[in-house]
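Colleague: I am new to this structure and would like to understand the terms used for it. Please show it first.

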Amino acid sequence: MNLFSSKKPYIIAGPCGAENEHQMLSIAEEFKNLPIDMIRAGVWKPRSKPGNFEGMGETALPWLNQVKKIAGKPVCIEVANSIQVELALKYNIDAVWIGARTTVNPFAVQEICDALKGNPIPVLVKNPINPDVELWSGAIERMMAIGITDIAAIHRGFSSYDSTSKYRNKPMWAIPIELKRRYKELPIICDPSHIGGNRDLIAPISQRALDMDFDGLMIEVHPTPDDALSDAKQQITPSVLKDILANLILRKPTVDSDTEIENIRLVLDSMDAEIVDILGKRMEMVKKLALIKKKYNMPIFQQDRWCEIIESRNQWGKANELDETFILQLYQLIHDKSIKTQFDFLQRNEE
Ligand code: PEP
Ligand code: MN
């Protein structure tokens, strides 16, 4: 049986980065009696900009051996090249994960596979930073091809340019669900820390993942999160982790058809949440438009613009197999509301 399916939910926790021996030993002590199945710690940290904490490298590997002994739990680290794999193997690290910035690069993934060949330790493959299910499954298939059987995918969300999103990395649940559809036996673990980027979002995202039948969670935990050298805002203390784990609700579906329906409904729920979120943002943009129209003394409703909207939206609709009547009715509603919003907004501004 796949190691990561041996318990549901399979819980991986630990600091973003192994910073010093004291921090790691404190984590080991705290984790001894918590329901955690594997301990994580980044030893080489991929940072977007130079000059930030890039991990302690090989120095940290003996600390992980101590953690393993004290806590009595397996440990995992991130690897991004063959040298790091060799060091992980040399120090008997139990499992490795492929980071989001590595999954995007088939050369790097293949280099890691070549270094693991003959030493098939468990591997966790994070999704690529861009929402590309092919890249994600490609990396997983490369691991399968070298005979690794204990493989799990980690869903850590997808990078986007949208600075107004409440997530650091958008979950886009439809993508991990598609991966699950392709590989029914592959465990998928959710990383709410990198999706949320904020410790307040860990509990709701974790619950959502379990409700979507994910197989486990990977959560960043630090003895003193505010002092963390990387990802401070999203890390939680061991005692907060304990509470979160204790409060998670495990919903057990009764029959298979219920699970299938439930899975699709959960995807629909998150899609609708995105649609409503975008509609809200659209109305905010419309208010900005109203102010500009007022500044230049322009009419709120412009016939040409309305025709243009219908024409372009119809084209987009066609490309998505949505019929003209539906698009027309939908945009009559949206456009109507947007005109009304502009009038109301300007009127309120004048009062
Ligand atoms: C991490 O797990 O600390 C990490 C760097 O994650 P990601 O590859 O998801 O950004
Ligand atoms: Mn991190």
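Modeller: Helices (H or I, at least four residues) and strands (E, at least two) are DSSP runs, numbered from the N terminus. By that rule the chain has 13 helices and eight strands. This is a predicted model, in which local features need pLDDT of at least 70 and side-chain atom pairs count only at pLDDT 80 or more, while totals for chains, interfaces and linings use all residues. Residues are numbered from 1 along each chain as its sequence is written, and side-chain values leave out hydrogens and water.

Colleague: What makes Ile202 of helix H9 a buried residue?

Modeller: Buried means under 20% relative accessible area, with a 1.4 Å probe and protein chains only. In H9 (residues 202-211), Ile202 meets this, as do Ile205, Ser206, Gln207, Ala209 and Leu210. Their cover includes strand S7 (188-190), helix H8 (192-196), strand S8 (216-220) and helix H10 (238-247). Across the chain, buried residues make up 47% of the 351 residues.

Colleague: Why is the pair between ligand 1 and Arg156 called a polar contact?

Modeller: A polar contact is a pair of N or O atoms within 3.5 Å. An oxygen atom of ligand 1 is 2.6 Å from an N or O atom in the side chain of Arg156, so the pair qualifies. For Arg40 the distance is 2.7 Å, and for His194 it is 3.3 Å; these pairs also qualify. Taken alone, ligand 1 exposes 300 Å², of which the protein buries 97%; such areas come from the Shrake-Rupley method with a 1.4 Å probe.

Methods: Chains lettered and ligands numbered in written order. Buried < 20%, exposed > 50% of the residue type's maximum accessible area, 1.4 Å probe, protein only. Contact = heavy atoms within 4.5 Å. Polar contact = N/O pair within 3.5 Å; in protein donor to acceptor, adjacent residues only side chain to side chain.
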